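Work through the two exercises below with the structure at hand. Each task is followed by a solution in steps.

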Amino acid sequence: MRRAGQVVREVLELVRSKVKPGATTFDLEKAASARLKDLGVKAAFKGYRGYPCVLCTSVNSEVVHGIPSPKRVLKEGDIVSVDFGVVIDGYYGDAAITVPVGSIAPEAQRLLKVTEESLKAGIAVVRPGATLGDVGAAVQGVVERQGFSVVRDFVGHGIGSNMHEDPQVPNFGEAGRGMKLKAGMVIAIEPMVNAGRPDVKVLDDGWTAVASDGSMSAHFEHTVAVTANGARILTE
Ligand code: MF3
Ligand code: CO
């Protein structure tokens, strides 16, 4: 799973380097899929429940599962969330980043910073004996103290020889509640944070989830192993 995580990280960093005003989200898709071809590695998302691409690219008020398109031109001030996974020798890695396009508004910068910090806070409580409620409460606390909202309609997940395994890993909850983590478990923690209200709706393409109020949304994700010494981030 570490090998899968390293490829996920390499490709996400490649995609980050391609994000600029004038690029399309399909340019990002092409860069990622070409690199995968060179490496001989299989993408996790393409073909999953009929999903057509290797990346999800979600712009501005799109929360998750935006489909790359040659018609979607990135412009200065946008933010784009890029979610990506691979499978190597039967084991999955999954991660996401949100990237600024050129220079972005201070409020958008704050949204990216807080969302990434909330992921770090969730990871920081991971250890054997901690509960999923501890993780969710840590993420939610960081987000809500800054006046932003945690999306409830999508959650993180166990990951291993499938991309999505039990348990669900909510980005909200109460400390002390929920299943206890054990050494050897691997989970994907993936806060999706809206600048406005938490509600989302899915567009007519059947995939793209957007913030109902049109506010900007950010997404950061890591695949994280639970070890005796705490979290080991497999996708950094
Ligand atoms: N990357 C999502 C997750 O983090 C899953 C994407 S589903 C797909 O769990 F169909 F878009 F691939
Ligand atoms: Co995931």
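Buried means under 20% relative accessible area, with only the protein chains counted as cover. The model used here is predicted.

**Exercise 1. Determine which cysteines, if any, are joined in disulfides, and state how accessible cysteine 53 and cysteine 56 are**.

Step 1. A disulfide is a covalent bond between the sulfur atoms of two cysteines. The cut-off for the sulfur pair is 2.5 Å.

Step 2. For cysteine 53, the closest cysteine sulfur belongs to cysteine 56 and lies 8.3 Å away, which is too far for a bond. Cysteine 56 is likewise in no disulfide, its nearest cysteine sulfur being that of cysteine 53.

Step 3. Searching the whole structure gives 0 disulfides.

Step 4. Cysteine 53 has 5% relative accessibility and therefore counts as buried. The value for cysteine 56 is 4%, so this residue is buried too.

**Exercise 2. Describe the surroundings of ligand 1 and its polar contacts**.

Step 1. Locate the site: ligand 1 sits in the largest pocket.

Step 2. List the shell. Around ligand 1 are Phe45, Tyr48, Tyr51, Cys56, His65, Asp83, Asp94, His157, His164, Glu190, Trp207 and Glu221. Cys56, from the previous exercise, is one of these residues.

Step 3. Sort the shell by type: 5 residues are nonpolar, 3 are polar and 4 are charged.

Step 4. Check distances to oxygen atoms of ligand 1, with 3.5 Å as the limit for a polar contact. A polar side-chain atom of aspartate 94 is 2.9 Å from such an oxygen. For glutamate 190, the distance from a side-chain N or O atom is 2.9 Å. Glutamate 221 places a polar side-chain atom 3.1 Å from a ligand oxygen.

Step 5. Assess the cover: on its own, ligand 1 has 330 Å² of accessible area, and the protein covers 96% of that.

Notes
Residues numbered from 1 in each chain as written. Chains lettered and ligands numbered in written order. Predicted model: local features only at pLDDT ≥ 70, side-chain atom pairs only at ≥ 80, totals over all residues. Heavy atoms only, no water. Near = heavy atom within 4 Å. Polar contact = N/O pair within 3.5 Å; in protein donor to acceptor, adjacent residues only side chain to side chain. Areas by Shrake-Rupley, 256 points an atom, 1.4 Å probe, with all protein chains shown as cover. 1 Å grid on protein atoms, 1.4 Å probe; cavity = no way out; pocket = protein on both sides within 12 Å on 5 of 7 lines; lining within 4 Å. Sits in = over half its atoms within 2 Å of the grid points. Nonpolar A, V, L, I, M, F, W, Y, C, P; charged D, E, K, R; others polar. Buried < 20%, exposed > 50% of the residue type's maximum accessible area, 1.4 Å probe, protein only.
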